[in-house]
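Biologist: I would like a close look at one part of this model: the way its helices pack. Go slowly through who touches whom.

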Amino acid sequence: MNAVPPGPAARFPFRHLLGIEGLHPPQIEALLDLAESYALLNRSGKTQRDLLRGRTLINLFFEDSTRTRMSFELAGKRLGADVLSMAVATSSVNKGETLLDTAATLNAMNCDLLVVRHAASGAPALLAQKVDAAVINAGDGTHEHPTQALLDALTIRRHKGRLAGLTVAICGDIAHSRVARSNIHLLIAMGSRVHLVGPPTLMPAAVDRLGAHVFHDMAQGLAGADIVMMLRLQRERTARGLVPSAREYFRFWGLDAARLALARPDALVMHPGPMNRGVEIDSQVADDPARSLIREQVEMGVAVRMAVLDVLARAPRGRRAKPAA
Ligand code: NCD
C-alpha cells in the first residue's frame, strides 16, 4: 500500500538529481512536499518497505561522509531497496581503476540508483551519461550538494512555514562550499533573500552573479536574518593563506550567542555538519535546543533522501529517457 501519493513523481520529471540549478519552484516544492510526508511517516515509526523492493541502490563515496552516506543507506532501506555501500578505500579504485571503469562495472550489476560523492565537480554528471542507473549527486567538489539544500529548505519550511520572503544568512567559507551553492540556487528560486557573509578570500569568483547579497562583516550580514547558516571551513580545499588562524577566524567570523543576537530575535541556527566547534561555531549556540536546528537537519536528511529515491525510482528508465536535471 502506498502511504504517500504518487503525484510528486509526475511533478519531478527527471532521471537524475545532479544539482538544484535549473530546477523550477514547483519541482522543488514537489520534492519538499513528498519529503514532508516521509518525515511524518518516519516519526510515526511506520515504514514503506514495498516501494523499492527488488531495486538496488549503490553508494559510491570517493570522499568522506557520515550524515549523507548513512542517511542514503537508511532511506534506501526504509523503502525496501537492497543497499550496498562501496568502500572506495578498499576497492579497486586503489589499484588504479578509473571512475568510468568503476561505473561500467556497477552498471553491469544492474544497479537502479547510484549515489555519488566525488572531489571533482561534474563527476556525477559524467557518470550519469555512462550508466543506466538514476544518478544522485551526494556532493561533487565545490559544485553542488542538492539533497543538502533540499533538507535545509525542508527544515526551514517546517519552522518558519515558508521560504519566500525570509532572509537567510549563509556564513563562512562560501567559495569552497557545494552546500552554499545548492542553497543559494534553491533559496533564491523560492523567493528568499540570501546574504553571503565572509571574508573576501572565501567568496567564490563571480559571486555577484549568483543573485545574493555579499557582506564582509558579520554584524551587517546578520542584520535582519531569520536563519543563520554556518559553514565549515573546508581546509581540505583551502589553499594556505586564505585565512589566518582558527582562533582569529572565530573572532571575526565565528557564531556565538553575542553574534547571534545581531540577527532577528527569533533567528534559528543551522549547520550542514561536520561542525568544527570553536572555529566557525560555538557549542553554546550549536547545542541550544531553542535556537539550533542542526539535529533536525539530520532527521530531515533521511526524509528528503527517501523522497528523492522515490521520485527517481518511479521515473522512466533507459538512457534515452528524459534529459538530466
Ligand atoms: C557537507 C559536504 O560534504 O559538502 N557535509 C554534508 O554533506 N553534510 C559540508 C562539509 O563537508 O562541510
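Modeller: Helix α4 and helix α5 (residues 123–130) pack at an angle of about 45°, their axes 10 Å apart. (Axes are fitted to C-alpha atoms over the stretch in contact; angles run from 0 to 180 degrees between N-to-C directions.) The two helices are therefore oblique to each other (not under 35 degrees, roughly parallel; over 145, roughly antiparallel; or 65 to 115, roughly perpendicular). L99, L100, A103 and N107 of α4 make the contact with A123, L126, L127 and K130 of α5 (heavy atoms within 4.5 Å). Six of the residues in this contact of α4 with α5 are nonpolar, one is polar and one is charged (Ala, Val, Leu, Ile, Met, Phe, Trp, Tyr, Cys and Pro are nonpolar; Asp, Glu, Lys and Arg charged; the others, Gly among them, polar).

This is a predicted model: local features need pLDDT of at least 70, side-chain atom pairs pLDDT 80 or more, while totals for chains, interfaces and linings use all residues. Numbering starts from 1 along each chain as its sequence is written, and side-chain values use heavy atoms, without hydrogens and water.

Just after α4 the backbone holds a surprise. N110 has a positive phi of about 55°, although N110 is not a glycine. N110 sits in the loop between α4 (99–108) and β3 (113–118) (DSSP runs: H or I of at least four residues, E of at least two, numbered from the N terminus).

Now α12. Helix α2 (residues 25–44) packs on α12 at an angle of about 120°, with 8 Å between the axes. That angle makes α2 oblique to α12. On the α2 side the contact uses L31, L34, A35, Y38, A39, N42 and R43. On the α12 side it uses E296, E299, M300, V302, A303, V304, M306, A307, V308, D310 and V311. The residues of this contact of α2 with α12 divide into 13 nonpolar, one polar and four charged.

Helix α6 (residues 146–160) also packs on α12 (residues 294–314), at an angle of about 120° with axes 8 Å apart. From α6 come T147, Q148, L150, L151, D152, L154, T155, R158 and H159. They meet E296, Q297, M300, G301, V304, R305 and V308 of α12. Here, in the contact of α6 with α12, six residues are nonpolar, six polar and four charged. E296, M300, V304 and V308 of α12 serve both α6 and α2.

Q148 leads on to the ligand. Q148 meets α12, and Q148 is also among the residues around the ligand. The others are T68, R117, H145, R178, V179, R232, Q234, P272, G273 and P274 (a heavy atom within 4 Å). A polar side-chain atom of T68 is 2.9 Å from a ligand oxygen atom. A side-chain N or O atom of Q234 lies 2.9 Å from an oxygen atom of the ligand. P272 uses its backbone: an N or O atom there is 2.9 Å from a ligand nitrogen atom. (A polar contact pairs N or O atoms within 3.5 Å.)

Next to P272, look at the peptide bond. G273 and P274 are joined by a cis peptide bond, with omega about -5°. P274 belongs to the loop between β9 (268–270) and α11 (283–286).

Conventions:
A polar contact is a pair of N or O atoms within 3.5 Å; within protein, one must be able to donate a hydrogen and the other to accept it, and residues adjacent in sequence count only if both atoms are side-chain atoms.
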